[in-house]
Amino acid sequence: MSIRPGFLRSLLSLLAITMLTTFTAAGAAPLPGSLYSGLHWRLIGPFRAGRVIAVAGVPGHPARFYFGAVGGGVWETNDAGRTWTPIFDKEPIASIGAIAVAPSDSNVIYVGSGEADMRSSVSYGNGMYVSRDAGRTWTHIGLTDTQQIGAILVDPQDANTVYVAALGHAYGANAERGVFKTTDGGRTWKKVLYKNADTGAIALAFGGNARTVYAALWQTRRPPWSVYPPSNGPGSGLYKSTDGGETWTPITGHGFPSAGLGRIGIAVSPSHPQIVYANVDAKEGGLYKSTDGGTNWTRVSSDPRIWARWWYFGGVTVDPTNPDTVYICDTGAYRSTDGGRTFVPFHSAPGGDDYHIMWIDPGNTAHMMLGVDQGAIVSVNGGRTWSSWYNQPTGQFYHVVTDHRFPYWVYGAQQDSLALRIPSRTDYGDTNAGITFMDFRPFAPGGESDYIAPDPLNPRYVFGATIVRPFDGDMTRFDTKTKQDQDVSPTLEYPGIYRSTWTLPVLFSPRDPHVLYTSNQVLFRTDDGGNHWTKISPDLSRPDPGVPPNLDPATAADSAVAGPRRGVIYTIAPSPLVDGEIWAGTDDGLIWLTRDE
């Protein structure tokens, strides 16, 4: 009997992993590296993109574009999005918050690391990078402690003069936030706009020349009790400089909102720079417009589609040749042709949900690019058709698990794209060609963020928590043969008020393959596939965890809305060695142990 090379590689990999797991669990000494030194990483996909909030094209080069993934580095295309090449993999950071190509020298590319969209799971960066050879090599150029960078502006005439909007730490105060400027390509930086250690910068725009700069500050913090919106604080606001960032004037009054200010997106018309748009998260939020360079403002639209959940978005773009054509990125991409008074959908699913940023070629407005939760897409015909997002292996997976069949399958829940299962070897053609898109199988359990648990006794059935608004964390059992999804939630058997969060544990016991555990603030157990459940713990969260000391006063005040008791069981670890022994951890800081299940 002949054995295909791909099958043999799968067998060796599985045996090595099993040996490592078994010996480590038994408490033996670590295995010598020679036993598994022949194993190598391989890409198994999926070629389905993840979240992108940083995009840039190259004027005069209609096929060259760049994007930065929030968890996958920087990528380049030279064929308008047909294929993408990673160009940042040698750097020690993967999260990209902003990218800019120098208008005066397209070989110079600046990258700000650390996404600044402030969602409940956010990856941080380690400052700024520059490439002076179109992305072949990179140099780290400081601002190491900024963590989240929202925008980069490069002087149109000088590739060494750059402004950076640094939002700063998502979870605590820090001084390296605000607007920074360099005039020597990043060798030195000057903090030119700073409010306080709780307020960072999120957006920048030139006002017709390199001396006029608009900047949006945002006081915000990611609290532990909120799945969706972070806080807004009194440091938020819009500022303008007319002397290259040496001095700044706050934009207040004259029609601009002041109550409840949060994130602000800014866009200046390149063809009429006195026309400025600001999409504002505020008590009276919406799109505001100035026709005199930011002195006087008019609220031109309060359409909730263009500023709902504005803390997560922020993209405002004006057509380079027409000041009345405005694009807003939100849950879809919207376009106005009447100066922002009315909007119609420009692009939405299929092809993406949650749009973040848009770039339009100033020399040819038919060339454009969008950054979406489903990757980066390019159009060369004004948005009539777009490149695919099924060619970027940048999806973010919250959890990964394998089943017990042979060859085994790998399961994971992808941010904003639901869950996938992928075989560890292909069933189509030459195994040396690798796993292809034909091998991927989307399915329901796990949603976009939760745990997945294949049945150890029968991989036909897969369990997973599936977040359903408003985050009730239902459990489903999926039959991969019939494609039926059954609700087997323990809360059906134990009605009540249960807390949840963005991702909750679901896992089988390593001692008894019949036993499945899941949790919210209490721990549940089933041994018959979810047909019946037993509640095996009380509420393990703190009655009142208090307010973490790293929060600013504005965020701390929001804790009263969340209530005193707000924790959940965030992780479960049944012992692989001892019957009845289970460890559990809550997201308000407690570790629990039971020895009798």
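**Exercise 1. Place aspartate 588 in this predicted model and describe its surroundings.**

Step 1. Find the element. Aspartate 588 sits in the loop between β41 (582-586) and β42 (591-594).

Step 2. Look for a charged partner. Aspartate 588 is buried but has no salt bridge. Arginine 542 is the nearest side chain of opposite charge, 4.3 Å away. A salt bridge needs the nitrogen and the carboxyl oxygen within 4 Å.

Step 3. Look for a polar partner. The side chains of aspartate 588 and threonine 586 make a polar contact at 2.6 Å.

Step 4. List the contacts, leaving aside neighbours within four places in sequence. Aspartate 588 then touches Ser541, Arg542, Pro545 and Gly567.

**Exercise 2. Which residues make the nonpolar surface patch that includes Leu39, and is leucine 39 in a helix, a strand or a loop?**

Step 1. Name the members. Leu35, Tyr36 and Leu39 make a nonpolar surface patch of about 260 Å².

Step 2. Place leucine 39. The loop between α1 (5-25) and β1 (52-58) holds leucine 39.

Step 3. Check its exposure. Leucine 39 has 34% relative accessibility, so it counts as partly exposed.

**Exercise 3. How many salt bridges are there, and what does the one between aspartate 198 and arginine 221 tie together?**

Step 1. Take the count. The model has 16 salt bridges.

Step 2. Inspect the pair. The closest N and O atoms of aspartate 198 and arginine 221 are 2.6 Å apart.

Step 3. Place both ends. Aspartate 198 lies in the loop between β12 (190-193) and β13 (199-206), and arginine 221 in the loop between β14 (213-219) and β15 (237-241), so the salt bridge ties together parts 23 residues apart in sequence.

Step 4. Check burial. Both aspartate 198 and arginine 221 are buried.

**Exercise 4. Arginine 405 and arginine 565 each form a salt bridge with an aspartate. Are the partners buried or partly exposed?**

Step 1. Start with arginine 405. Its salt bridge with aspartate 403 has closest N and O atoms 2.8 Å apart. Arginine 405 is partly exposed because its relative accessibility is 25%. Aspartate 403 has a relative accessible area of 5%, so it is buried.

Step 2. Turn to arginine 565. Its salt bridge with aspartate 539 has closest N and O atoms 3.1 Å apart. This pair links distant parts of the chain, 26 residues apart. Arginine 565 is in the loop between α4 (559-562) and β40 (569-574). Aspartate 539 is in the loop between β39 (534-535) and α3 (553-557).

Step 3. Compare exposure. Arginine 565 is partly exposed at 30%. Aspartate 539 is partly exposed at 22%.

Step 4. Add a network. Salt bridges with shared partners join Arg51, Glu115 and Asp117.

Key. Residues numbered from 1 in each chain as written. Predicted model: local features only at pLDDT ≥ 70, side-chain atom pairs only at ≥ 80, totals over all residues. Heavy atoms only, no water. Helix = DSSP H or I, 4+ residues; strand = E, 2+ residues; numbered from the N terminus. Buried < 20%, exposed > 50% of the residue type's maximum accessible area, 1.4 Å probe, protein only. Lys, Arg positive; Asp, Glu negative; His and termini not counted. Polar contact = N/O pair within 3.5 Å; in protein donor to acceptor, adjacent residues only side chain to side chain. Contact = heavy atoms within 4.5 Å. Patch = residues over 30% accessible without salt bridge, like charges linked within 9 Å, V, L, I, M, F, W, Y side chains within 5 Å. Areas by Shrake-Rupley, 256 points an atom, 1.4 Å probe, with all protein chains shown as cover.
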